[in-house]
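Biologist: I would like to learn how to read a fold strand by strand. Could you walk me through one?

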Amino acid sequence: RTAPSCPQTVDSITALPLPFQQLLARVRDQGGEPELKLDLPSGAATWIAARHAAIAENMTVFILRDISEHKKLEDARAQLGRDQALAEMSAILAHEIRNPLGSLELFAELLADSGLDGERKQWVDRVQAGLRTLAATVNNVLHFHSMPRAEFSTVNAGELLEWVRNFCGPLAHQSGVTLSLQNHVPGLALRGDRHRLEQVLLNLVLNSIKAVSQGGSESQGWIEVSARRFASQLELAVSDNGPGIPPDCLPRILAPGLSTRSGSPGLGLAVCRKIVEQHGGMMRAENSPERGTRITLTLPMTGSEKDCS
C-alpha cells in the first residue's frame, strides 16, 4: 500500500487495474525500474516507470513517473540512427549507379545523333527519357534527407497523364498489361515541378506493371491512371488488378526501407511520398476490395489556376 502522506492510498495492489498490478508486483519482487506502456483511446501511448521502497513493516511506497516524453526522445534518436544508416547506404548505391549511368547517357546521345529515323529514333528517344528519369531518381535518393527545393511552374495535368500513356504504354504492352487513362482534367493547370511529378507517376506505373505481370492473375492484367478535380484538390490515382499489398506491409508501405519485393530496398515509394509532400499534397496506398492496389496522390490547387486549353 502507499504511504499515508500520499493523496490517495490503496490497501492492496489487487484493487488496481491488472496492468498496474503486474507492474507493481514486478518492481516489488525484482526491483529496478520497470516500465509500462498504456495505449490510450485516442491512439496515443503513455509510458509509466515504477520504483518502490519499503518504509516500514508491511508498508511499501510505490513511485510512478510519466516517462512518455523520454520515450519519445529515445524513439526519435533511434529513428534518426536508422535514417542516417539508410542515407549512407543509399548514397553508396547511388554513387555506384552514377558511373555506368553516365556512360549509358553518352552512348544514347551518340545514337540520337547518328541519323536514325522513324521507329528507331523513337526507341532512342524513349531510352534517353528513361535515362533522364533514372538520373533524376538517383539524385533524389542522394538528397532524400535534404531534398532540394522543387522548381515550380505551370503544369498541364492533362498533358501529364498523356505523357504517362505515351511513355508507359509500350512498356505495359510488352508485359501483356492493358494501360488505360481516365483523364477528367484535360486542360487543368496547377503549380508543380513537372519532372518530379512525372517521376512519381512513372514509379507508380512501373511498380504496377511488375506487380500485375508477376502476380499470376488468370484474368487480363490492367492498370488505370486517373485524374479528377474535387473542389480545390486534384486527385491522381494509379490502380491495378495485381496481387495487392500484403496486409502487414500496408501501414508502412510508404516508409523508407520497406519493399514487398524480396531483396529490393524500398526507397521508390518513400521518395515519391516526399515529392508529393513537397508539393503540399498527400499520398496514400490501399488495397482494392476485390483485388489489386490503388495509390492516390492528392495535390492542392491554389485557386488561381486557369485552364490550359
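**Reading the sheet**

Modeller: Let's start with a pair: strand β7 (residues 221-230) and strand β8 (residues 233-240) are antiparallel partners, joined by eight bridges. Strands here are DSSP runs of E with at least two residues, helices are runs of H or I with at least four, and both are numbered from the N terminus. Two strands count as paired if DSSP finds at least two bridges between them. This is a predicted model, in which local features need pLDDT of at least 70 and side-chain atom pairs pLDDT 80 or more, while totals for chains, interfaces and linings use all residues. Residues are numbered from 1 along each chain as its sequence is written, and side-chain values use heavy atoms, without hydrogens and water.

Biologist: What is the bridge partner of Ala227 in β8?

Modeller: In general, strands of a sheet pair through backbone hydrogen bonds, in a parallel or antiparallel way. Here Ala227 has Leu236 as its partner in β8, and Glu224 stands opposite Ser239 of that strand. Ala227 is also the bridge partner of Asn183; β5 and β7 run parallel, with seven bridges between them.

Biologist: In what order do the five strands of the open sheet stand?

Modeller: The order is β5-β7-β8-β10-β9, with mixed pairing. β5 (177-183) and β9 (282-287) each have a single partner strand, so each has one side without a neighbour in the sheet. Ignoring direction, neighbouring strands are turned by 15 degrees against each other on average.

Biologist: Which strands does helix α5 lie across?

Modeller: Helix α5 (residues 194-214) lies across β5, β7, β8, β9 and β10 (293-300), at about 150 degrees to β7. Such angles run from 0 to 180 degrees between N-to-C directions, using lines fitted to C-alpha atoms, for helices over the stretch in contact; contact means heavy atoms within 4.5 Å. Helix α6 (residues 268-278) lies across β9 and β10, at about 140 degrees to β9.

Biologist: How should I read the turn between β7 and β8?

Modeller: Most residues other than glycine have a negative phi. The hairpin of β7 and β8 has two residues between the strands, and Ala231 in that turn has a positive phi of about 55 degrees. Ala231 is exposed, as its relative accessible area is 71%. Exposed means over 50%, buried under 20% and partly exposed in between, with a 1.4 Å probe and protein chains only.

Biologist: And is Glu235 buried or exposed?

Modeller: Glu235 sits in strand β8 and counts as buried, because its relative accessibility is 17%. Beyond four places in sequence, Glu235 touches residues including Ser226, Ala227, Arg284 and Arg294. The side chains of Glu235 and Arg294 share a polar contact of 3.3 Å. A polar contact is a pair of N or O atoms within 3.5 Å; within protein, one must be able to donate a hydrogen and the other to accept it, and residues adjacent in sequence count only if both atoms are side-chain atoms.

Biologist: Where does the kink in α4 lie?

Modeller: The kink of about 45 degrees is at Cys168, shortly before the proline Pro170. The bend is the angle between axes fitted to the seven residues ending at a residue and the seven starting there. At the N-terminal end of α4, Asn156 acts as a cap, with a side-chain oxygen 2.9 Å from the backbone nitrogen of Gly158. Gln174 is also in α4 and is exposed, at 68% relative accessible area.
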